[in-house]
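Student: I have a model open and want to go through one interface. Can we start with the terms?

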4 protein chains.
Amino acid sequence: MILFESDYLEGCHPQILDALRESNLEQTLGYGEDPHCAKAADMIRYIFEAPDAEVHFLVGGTQANATVISSLLKPYQGVVCAESGHIHVHETGAVEHTGHKVLALPARDGKISAEQILDFVQAHHSDFSREHMVQPGMVYLSLPTELGTLYTKDELLAIRQVCRDWEMPLFIDGARLGYGLEASGCDILPKDLPKIADVFYIGGTKQGALFGEAVVFSTPALAHDFRYNIKQNGGMLAKGRLLGIQFEVLFEDGLYLRAARHAVEQAFRIRDAFRAAGASFLVESPTNQQFPILANDEIARLRERFSFESWQKIDGDHAAVRFVTSWATPDANVDALVAAIGETR
Amino acid sequence: MILFESDYLEGCHPQILDALRESNLEQTLGYGEDPHCAKAADMIRYIFEAPDAEVHFLVGGTQANATVISSLLKPYQGVVCAESGHIHVHETGAVEHTGHKVLALPARDGKISAEQILDFVQAHHSDFSREHMVQPGMVYLSLPTELGTLYTKDELLAIRQVCRDWEMPLFIDGARLGYGLEASGCDILPKDLPKIADVFYIGGTKQGALFGEAVVFSTPALAHDFRYNIKQNGGMLAKGRLLGIQFEVLFEDGLYLRAARHAVEQAFRIRDAFRAAGASFLVESPTNQQFPILANDEIARLRERFSFESWQKIDGDHAAVRFVTSWATPDANVDALVAAIGETR
Amino acid sequence: MILFESDYLEGCHPQILDALRESNLEQTLGYGEDPHCAKAADMIRYIFEAPDAEVHFLVGGTQANATVISSLLKPYQGVVCAESGHIHVHETGAVEHTGHKVLALPARDGKISAEQILDFVQAHHSDFSREHMVQPGMVYLSLPTELGTLYTKDELLAIRQVCRDWEMPLFIDGARLGYGLEASGCDILPKDLPKIADVFYIGGTKQGALFGEAVVFSTPALAHDFRYNIKQNGGMLAKGRLLGIQFEVLFEDGLYLRAARHAVEQAFRIRDAFRAAGASFLVESPTNQQFPILANDEIARLRERFSFESWQKIDGDHAAVRFVTSWATPDANVDALVAAIGETR
Amino acid sequence: MILFESDYLEGCHPQILDALRESNLEQTLGYGEDPHCAKAADMIRYIFEAPDAEVHFLVGGTQANATVISSLLKPYQGVVCAESGHIHVHETGAVEHTGHKVLALPARDGKISAEQILDFVQAHHSDFSREHMVQPGMVYLSLPTELGTLYTKDELLAIRQVCRDWEMPLFIDGARLGYGLEASGCDILPKDLPKIADVFYIGGTKQGALFGEAVVFSTPALAHDFRYNIKQNGGMLAKGRLLGIQFEVLFEDGLYLRAARHAVEQAFRIRDAFRAAGASFLVESPTNQQFPILANDEIARLRERFSFESWQKIDGDHAAVRFVTSWATPDANVDALVAAIGETR
């Protein structure tokens with residue numbers, strides 16, 4: 001059985017294991033106050049061209065999202081997000097668990113627009129009963145989105161403007177940031193992100209680390225006392241250097257983006273094979289997640305040898321499914337799938 | 001500089017790195033639903049002689065404590081604990097962050113007694129205004145305690161009885177469980193723990209894993225839907241197998257306890273050296289943490305070559321300090337310290 | 001200016017003031033443990049034919065909703081509700097503030113159906129990733145709804161069945177319960193409510209009390225230790241008897257329903273006047289709230305003498321507005337409005 | 001049976017009932033946006049000489065405390081308070097329910113000192129592990145304390161200074177403020193309070209209102225968006241004018257302090273009678289709560305005709321008990337008690 005279920009099916013880049021072995025008997029202070037975390041933060045500031053950014057390393061995405069969001073909101077504020085946003089759908093209410101409502105807006109291909117956000121915020125503040133409603137306090141976007149789609153730079157700049165006008169921090173969830181930056185047609189560069197988002201995170205878990213997300217506060221004032229928040233939310237890794245070491249490796253010589261590019265290329269081979277076989281797609285995804293719409297019997301036949309996620313029922317005979325590639329996906333796995341796609345039609 | 005500051009200064013047992021390398025390209029499902037976690041859970045059930053126990057793997061101790069405690073309490077209940085308990089002092093209010101009060105009782109050498117707990121619970125339930133007070137809903141103990149001391153089996157059985165009589169789950173924080181089980185004079189066996197505690201955790205982070213704590217529900221009904229709680233609290237590791245793999249190694253051939261024994265022996269060498277030099281101790285600790293009371297100038301002199309934590313001011317000229325050994329402490333480090341202790345007196 | 005903005009514009013039934021005066025110098029224990037609360041609870045059990053019900057008196061609706069809901073849910077559970085439900089829209093996230101997500105379903109005229117709830121719950125429990133999503137833990141309905149509409153008895157029985165099948169408590173918000181029970185065409189009797197809902201509340205604030213909501217647990221096991229929850233949520237009135245005294249008066253000789261009937265009749269006069277003038281309505285409401293759709297200039301003209309709430313923009317020239325009557329609405333106010341409606345067309 | 005159990009045993013000043021009756025059929029907007037609240041706020045600003053203060057009216061003390069405290073703290077901060085403070089002991093963990101730890105300091109006669117607070121705050125901020133501990137974020141005092149004692153003006157000014165130096169708001173719980181201001185030897189004037197506290201509340205419930213506490217933000221910036229917080233915490237009374245009307249009456253012609261003086265005088269008659277009979281006291285209280293230490297058989301004898309609270313066991317034969325007087329305590333009740341005290345010795 002070959003798995004295409006997610007981008008966290010394997011361990012990590014072998015270079016990370018090497019680095020862990022080399023550093024294993026070093027004695028360092030815990031909780032992220034070690035030379036590896038310091039160096040990795042420097043590398044991130046350099047690559048993202050954000051010399052003043054404050055960088056913190058957390059273990060996972062749900063933890064990063066809930067910790068960042070709850071640190072930025074006042075008690076009566078909520079976070080604006082697409083109805084398909086990960087925090088609204090797939091984090092077991094971690095944001096609400098910290099006391100805050102997720103203010104979900106209708107999404108199109110996983111995205112929301114500056115105009116939607118503006119309308120929502122204006123409507124709130126002009127409502128006579130606004131104090132009876134949760135105040136929009138920040139905006140959360142995913143880049144790429146949960147549907148593999150991408151905001152353009154212009155779309156992001158427009159959202160940034162609304163956020164600034166209404167004094168709402170903009171937070172970008174980059175669990176799959178690399179796959180986005182390496183997507184075909186992406187017009188966003190690493191250096192753009194700190195200029196767009198007040199805070200964003202660079203995903204490690206889905207991009208070849210064992211685990212770890214690097215939270216970057218481009219607006220450093222928002223990170224005031226953030227380490228208290230990390231600890232309170234159970235996200236402060238005792239052997240914090242493990243995070244530093246991994247991000248040192250990921251950003252050492254372009255590994256992060258190079259590996260992401262590999263995943264996107266493999267995804268395109270799968271996309272092209274389905275397209276050649278006549279399939280349509282739930283969305284046009286330029287990243288490492290592909291959502292072909294297949295007949296149920298075709299799905300069943302493919303499932304004999306491949307594992308992948310059911311995404312959405314389309315009609316009685318068809319469903320959209322999800323194939324995900326990663327930094328680790330070998331040619332052989334994709335070859336086998338492409339061959340099978342040909343057969344099954 | 002040689003560090004004796006904690007038991008999480010180094011990486012991990014080399015065997016763990018070997019196992020990570022061997023398994024690196026395996027494809028497994030995420031979130032703990034993989035064969036490694038299943039096998040590690042089986043090993044724990046076998047070693048602790050708890051065939052019905054439900055085992056979950058979390059990343060860190062604060063996370064494990066807050067997740068377990070908040071899953072067991074009703075909104076108006078609090079957790080009874082020693083005033084020196086980790087959840088009361090050193091977790092940035094993670095328990096309160098979930099909405100629950102820590103009900104701290106005066107501690108003696110880091111311990112509380114069955115009698116104290118009984119008095120407190122009885123006083124609550126016989127108070128006419130009890131509904132105006134937080135109801136004691138469970139009991140939290142640390143084994144060993146934050147001061148390196150140990151409860152005896154009889155003390156634990158007495159506390160267990162109070163907990164049963166008042167229908168309060170008993171939760172034991174075993175962040176350093178191995179160092180306790182291998183302590184001199186410890187009369188508790190692994191198989192005793194599931195009979196005493198409704199839920200306890202086996203610390204990995206401080207006992208030679210990169211990270212990870214194995215939460216064992218000996219009363220499986222209390223673990224109902226626990227995975228939802230893990231996810232909501234940001235504790236569900238995407239590549240959950242990393243936890244399974246580590247605990248497989250730790251429990252493979254007695255490594256867990258063997259390594260703990262090593263740490264305790266090293267700690268005793270340090271203890272004996274201080275004792276020989278005439279030092280007294282804050283507590284009599286039979287485990288890997290030692291708390292000698294030293295003159296301030298002696299502390300300053302030792303700090304030129306060794307790093308260790310200040311613990312408590314004793315008087316204008318003296319303070320208690322903490323030396324911690326671990327599975328990783330080499331003879332050479334202890335030799336150097338022992339020699340230095342002789343010199344400085 | 002005559003106000004039709006809500007049903008809590010005036011003080012209270014004069015009989016309540018009389019009762020407060022008569023009891024003023026009685027000495028009673030606080031916090032609801034007084035003879036008036038006991039008697040009022042008995043009256044409610046009698047009238048609603050629920051001899052085993054547990055009755056608690058709270059001060060307001062948001063407080064009652066958040067306290068009941070948070071007392072019934074496990075940390076990872078949410079409350080299913082119509083997207084137009086008061087807890088989702090107009091309580092400043094009070095439910096989320098207690099850590100729980102509101103799981104909003106699309107509503108039709110303010111209502112959701114048993115089928116919708118069933119689909120949602122089944123989808124959750126059959127999802128492979130369900131532990132990554134908030135578990136539906138209870139259902140919240142408003143009777144009447146925020147749009148003045150009513151569930152039929154059959155609709156409620158169907159929802160009750162889904163709730164029982166999936167072990168989810170059913171909670172009915174009766175802030176305007178009396179206006180519902182006295183609505184034209186209502187087929188629900190007071191005695192039906194305890195058989196349908198596990199817990200519901202009888203609104204006082206909007207029905208002629210100074211304040212106060214009577215929470216009735218028809219399933220008394222769900223009320224275990226509920227007074228702790230009330231106190232923790234800041235809802236335990238020191239002079240609790242004020243609540244008992246008011247509900248004694250409301251249920252003394254049919255005042256509660258008689259006064260509600262008055263409000264509904266006044267609302268129908270307004271409805272009929274708008275209908276006669278050719279207006280259409282946002283919904284067909286059989287209760288004390290009416291939502292005519294009016295031209296903007298007509299709205300402006302009416303606003304010169306009457307105050308009422310804007311509800312929803314319909315198109316560039318029209319909006320739905322809300323007129324609310326109450327136990328206190330005098331004939332003269334409605335006469336004036338009816339006359340004005342005739343004029344303005 | 002004559003009750004001396006608390007100062008909220010009766011209804012309210014008759015003038016309040018008169019005012020409720022007079023205003024009963026006025027139509028006003030809800031939620032505190034009515035002329036009565038506006039006027040009462042003006043009166044408070046005038047009497048307390050705080051022209052810029054922002055005033056909000058809440059229903060009860062626990063609600064006021066939790067709402068104010070949670071609005072002022074960052075997630076990782078706690079509130080410093082005496083171990084005998086109401087929020088620590090008698091509010092069912094309402095503060096913790098909002099996610100914040102109560103940082104309890106040892107108290108002397110119900111009071112804490114500026115020096116204690118300074119030591120605690122300095123210790124926190126100089127601790128290497130401070131991020132692992134809850135940060136002190138504000139200070140809570142009760143005036144008078146739960147033991148009836150009073151801070152002097154100098155003590156308060158010293159605490160204020162520590163709070164300013166460390167940028168922690170100072171919040172004073174004035175549930176019994178009037179009884180304090182009218183205490184013998186009190187050197188605090190109403191106008192001093194806004195200069196000392198950033199926010200304080202003026203108790204109504206225990207001082208002759210049916211209910212209600214006036215929260216005064218002398219530092220108005222701290223009240224930003226406070227109405228959202230009130231609503232979210234279930235404290236926004238629909239018929240908010242009831243609060244305004246009551247405080248209008250209380251502050252109309254000195255009623256508030258005049259009635260408090262009456263209570264204190266009655267308390268002193270009780271104190272003097274016990275003193276004459278040879279009793280000692282748990283504390284020297286200059287306010288309306290008195291805590292004589294009595295023999296158990298004397299307590300039993302008094303309980304045949306009088307009801308009062310047990311406070312603290314002193315030894316096997318003696319206990320401290322609490323007698324409370326109020327604005328409503330008639331001479332006859334005190335006469336009867338004084339006579340009984342003479343008899344029973």
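Tutor: Contact means heavy atoms within 4.5 Å. By that rule, 23 residues from chain B and 23 residues from chain C take part. The model is predicted: local features need pLDDT of at least 70, side-chain atom pairs count only at pLDDT 80 or more, and totals for chains, interfaces and linings use all residues. Residues are numbered from 1 along each chain as its sequence is written, chains are lettered from A and ligands numbered from 1 in the order in which they are written, and side-chain values use heavy atoms, without hydrogens and water.

Student: How do you know how chain B and chain C are related?

Tutor: Copies are superposed by least squares on C-alpha atoms of residues with pLDDT of at least 70 in both. Chain B lands on chain C with an RMSD of 0.0 Å, after a turn of 180° and a shift of 0.0 Å along the axis. The two copies are therefore related as by a two-fold rotation axis. The same surface serves both: 100% of the contact residues of chain B recur in chain C.

Student: What area do chain B and chain C bury between them?

Tutor: About 2100 Å², 52% of it on carbon and sulfur atoms. Buried area is the accessible area (1.4 Å probe) lost on putting two parts together, summed over both. In chain B, B:Tyr76, B:Glu131 and B:Tyr228 lose the most area to chain C, together 38% of what that side buries.

Student: What makes C:Glu131 and B:Arg227 a salt bridge?

Tutor: The term needs a side-chain nitrogen of Lys or Arg within 4 Å of a carboxyl oxygen of Asp or Glu. Here the closest N and O atoms are 2.7 Å apart, and C:Glu131 and B:Arg227 qualify. The rule finds two salt bridges across this interface.
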